Amino acid sequence: MLGMCRRDDQELVQIYEAFNSDGFSVVVSAAELDAAARAAPPLTTELADAAAQAGRTDLIGHLRASLSGEDRFLKLTAAKSLMALDDQDAVPLLQELAACESDAVVAKCFIAVATRLRGADAAIDLFCDPDTDPQLARLLVSNYNSHLRPGLGDVRFLLRALRHYLDRDLPWLPDLREDLWDNGVFLMLNGLSNEHAVRLLRDNSIERSTLREMLPAVGVHTEDAAILEEVRDLQVALSAD
């Protein structure tokens, strides 16, 4: 979210930084979301992204309608926005669409989102199951590359996933490409750096101690600058009084 801007008539307008289907950052205003709510679905990708940021539960129907079609990025964004809005009633629809979706990445993303909508414990169980498809497991981590506000269960999921990555003790992890390993760890640390996650870590000593114990080990496994920066930032955040 970008914040507020002032129009020529001096009225303050809420604006959001969102991504379109080409991956470019654009600005979406609350007025554009209001107009989208009055229009027929589907949404554009940037409106779907901004809807989650704005907490626009009135656009849930439009987001559900945006799960179909040819635009892969829109479908992925709409699914994650429904997750961020905690649309638990979308679980059957996501599962139904996943079963007939020809794009394997989209289908598995729908399953990953539906799993998280059933609760963080469901996501933990699926990720830790040695028989889970490796790409689906990675997409469970990718759920946190979204506007989801993490709860304590999400913090515990990310800690469990990080431990498995460090230990490489799931069948698919020993042979995971270095770039995919780095990407997964970055998403985990980025999720744990969320202001809500940091607050939960500060308030829960077991989870805080667990992460502080794991952070130095991350640098043993990677030299990725972005990951090491996340490690340093978390160490500072968790050591603050």
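In the predicted model, D34 has a relative accessibility of 34% and therefore counts as partly exposed, a class that lies between the limits of 20% for buried and 50% for exposed residues. The side chain of D34 meets that of R56 in a salt bridge, with an N to O distance of 2.9 Å. D34 belongs to helix α1 (residues 30-38), whereas R56 sits in the loop between α2 (45-54) and α3 (60-65), so the contact ties together parts of the chain that are 22 residues apart in sequence. R56, for its part, has a relative accessibility of 15% and is therefore classed as buried, which means that in this pair a partly exposed aspartate is joined to a buried arginine. The pair does not stand alone, since D34 and R56 are linked with D58 in a network of salt bridges.

In total, the structure holds 12 salt bridges. Another of these is formed by the side chains of D154 and R116, for which the N to O distance is 2.7 Å. This pair likewise links distant parts of the chain, with D154 placed in helix α9 (residues 152-167) and R116 in helix α6 (residues 104-117), at a separation of 38 residues. D154 counts as buried because its relative accessibility is 2%, and R116, at 13%, also falls in the buried class.

A salt bridge within a single helix is found between the side chains of D167 and R163, where the N to O distance is 3.5 Å. Both residues lie in helix α9 and are four residues apart, a spacing of about one turn of the helix. With a relative accessibility of 41%, D167 is classed as partly exposed, and R163, at 28%, is assigned to the partly exposed class as well. Helix α9 thus contributes D154 to the contact with helix α6 and holds both partners of the pair formed by D167 and R163.

Negative charge is also gathered on the surface, where D121, D125, D129 and D131 form a patch. The residues of such a patch take part in no salt bridge, in contrast to the aspartates described above, among them D34, D154 and D167. One member of the patch, D121, lies in helix α7, which spans residues 120-128. Since its relative accessibility reaches 56%, D121 counts as exposed.

Terms used. Residues are numbered from 1 along each chain as its sequence is written. This is a predicted model: local features need pLDDT of at least 70, side-chain atom pairs count only at pLDDT 80 or more; totals for chains, interfaces and linings use all residues. Side-chain values use heavy atoms; hydrogens and water are left out. Patches are made of residues with over 30% relative accessible area and no salt bridge: like charges are joined within 9 Å, nonpolar side chains (Val, Leu, Ile, Met, Phe, Trp, Tyr) within 5 Å. Accessible areas come from the Shrake-Rupley method with a 1.4 Å probe; for residues, only the protein chains shown count as cover. A salt bridge is a side-chain nitrogen of Lys or Arg within 4 Å of a carboxyl oxygen of Asp or Glu. Lys and Arg count as positive and Asp and Glu as negative; His and the chain ends are not counted. The place of a charge is taken as NZ of Lys, CZ of Arg, CG of Asp or CD of Glu. Helices (H or I, at least four residues) and strands (E, at least two) are DSSP runs, numbered from the N terminus. Buried means under 20% relative accessible area, exposed over 50%, partly exposed in between (1.4 Å probe, protein chains only).
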